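Work through the following exercises with the sequence and the model open beside you. Each task is followed by a solution that proceeds step by step.

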Amino acid sequence: QALDEMEPSDVDTDDELDDSIEFDNWKSRELERLKADRIQRELLFREREEQERLRAMTEEERDAYHAARLAKKEADEGKDRPKMA
Amino acid sequence: MANATDPLAKSVRGTDPQNLMERITRDKVYAMTYWKEKCFGVSAEALVDLAVDLRSVGGIYGGNNRATEFLCLTLKLLQIQPEKEIVLEFIKNEDHKYVRLLGAFYLRLVGKPTDVYRYLEPLLNDYRKVRYRTRDGKYALTHVDEFVNNLLTKDMFCDVTLPRVPHRQVLEAAGALEPRVSALEEDIADLEEELESAVEEAIGQRMNMDVDA
């Protein structure tokens with residue numbers, strides 16, 4: 001089908017048609033949105049807590065913390081990388 | 001001349017409002033017959049009539065990278081910069097879905113972050129069907145609430161870069177915004193439970209990757 005023949009009426013947007021189905025679909029979309037919002041909030045909250053914790057640490061603790069993080073990160077990357085032939 | 005911004009228009013975020021649409025996209029709009037014939041010298045009132053006749057939303061489409069009429073009218077709004085009240089009337093319009101979406105899109109581009117949330121979030125309850133013209137020129141079915149959700153969450157939509165707005169949580173923490181009450185909350189009793197389990201699942205996945213899990 002050529003572009004010029006493409007009519008908007010190819011897609012039916014009559015809202016009277018199946019209202020209850022549409023409403024149910026909307027409910028599930030809205031639920032997904034609420035979930036995404038919650039998750040984002042939780043992550044933001046955890047990040048802030050982490051910052052607080054880090055700030056309360058002594059110099060040595062902080063060094064240990066960063067070293068652990070770095071080791072973990074390198075280990076993870078090593079896992080994904082294909083072994084050299 | 002026809003492509004110039006209204007000399008009385010205020011600059012938005014320190015620049016000519018038309019610059020909110022990228023140059024390359026704007027040039028596509030300027031090249032459209034619809035732009036030259038229908039959008040020449042229209043006022044905000046006349047623009048409503050054009051918006052009523054819209055049959056789809058979308059950005060750039062087709063092999064020749066044509067701009068949709070929706071995009072043309074968006075650029076026209078950027079040019080003539082109607083008053084906020086007029087834009088809000090667009091958004092409040094119940095009868096014409098595309099007028100509403102045009103107003104919402106425009107407000108997302110030029111509005112203050114608090115206004116963006118305040119006036120667009122109510123539209124998340126509007127589940128009427130609309131057409132979205134995809135890149136290949138075909139029409140796809142979408143809904144008003146999906147369109148608005150894209151405006152609120154995406155960086156780029158309809159081939160226009162959406163200005164950055166802070167997360168809702170940040171504005172709430174600053175006291176600029178009341179928490180949003182979803183229309184769903186009166187409806188589903190076990191909503192809270194379901195949300196919490198979803199959060200736990202998502203966080204759990206992330207914690208596996210983290211160091212002190």
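**Exercise 1.** Find how many aromatic pairs the whole structure holds over all chains, and classify the pair formed by A:F23 and A:W26.

*Solution.* In this predicted model, a search of the whole structure over all chains returns 9 aromatic pairs. For A:F23 and A:W26, the ring centres are 5.7 Å apart and the planes make an angle of 15 degrees. Centres within 6.5 Å qualify as a pair and planes under 30 degrees apart count as stacked, so A:F23 and A:W26 form a stacked pair. Both residues belong to helix α1 (residues 19–56) of chain A, where they are 3 residues apart, about one turn of the helix.

**Exercise 2.** Count the salt bridges in the whole structure and between chain B and chain A, then place the one that joins B:D145 and A:R29.

*Solution.* Over all chains, the search of the whole structure gives 22 salt bridges. The pair of B:D145 and A:R29 crosses between chains, running from helix α8 of chain B to helix α1 of chain A. The N to O distance between these two side chains is 2.8 Å, which lies inside the 4 Å limit for a salt bridge. Between chain B and chain A, the count is 5 salt bridges, and 12 residue pairs are in polar contact there, both residues being at pLDDT 80 or more.

On the side of chain B that touches chain A, at least two residues each come from β4 (129–133), β5 (139–143), α8 (144–153), α9 (168–173) and α10 (191–209). Of these, α10(B) supplies the largest share, 12 residues. Sorted by class, this side of chain B has 17 nonpolar, 10 polar and 19 charged residues.

**Exercise 3.** Describe the extent of the contact between chain B and chain A, and name the residues of chain B that lose the most area.

*Solution.* Begin with the residue counts: chain B brings 46 residues to the contact and chain A brings 39 residues. Next comes the buried area between chain B and chain A, about 3,900 Å², with 60% of it given by carbon and sulfur atoms. Within chain B, the most area is lost to chain A by B:Y127, B:K129 and B:Q169, which together make up 18% of what that side buries.

**Exercise 4.** State which domains are assigned to chain B and how far apart their C-alpha centres lie.

*Solution.* The assignment divides chain B into domain 1 (17–179) and domain 2 (181–213). The C-alpha centres of domain 1 and domain 2 of chain B are 31 Å apart.

Key:
Residues are numbered from 1 along each chain as its sequence is written. Chains are lettered from A and ligands numbered from 1 in the order in which they are written. This is a predicted model: local features need pLDDT of at least 70, side-chain atom pairs count only at pLDDT 80 or more; totals for chains, interfaces and linings use all residues. Side-chain values use heavy atoms; hydrogens and water are left out. Contact means heavy atoms within 4.5 Å. Buried area is the accessible area (1.4 Å probe) that two parts lose on being put together, summed over both. A polar contact is a pair of N or O atoms within 3.5 Å; within protein, one must be able to donate a hydrogen and the other to accept it, and residues adjacent in sequence count only if both atoms are side-chain atoms. Helices (H or I, at least four residues) and strands (E, at least two) are DSSP runs, numbered from the N terminus. Ala, Val, Leu, Ile, Met, Phe, Trp, Tyr, Cys and Pro count as nonpolar, Asp, Glu, Lys and Arg as charged, and the others, Gly among them, as polar. Domain bounds come from an automatic or database domain assignment. Rings of Phe, Tyr and Trp (its six-membered ring) pair if their centres lie within 6.5 Å; planes under 30 degrees apart count as stacked, over 60 as edge-to-face and the rest as tilted.
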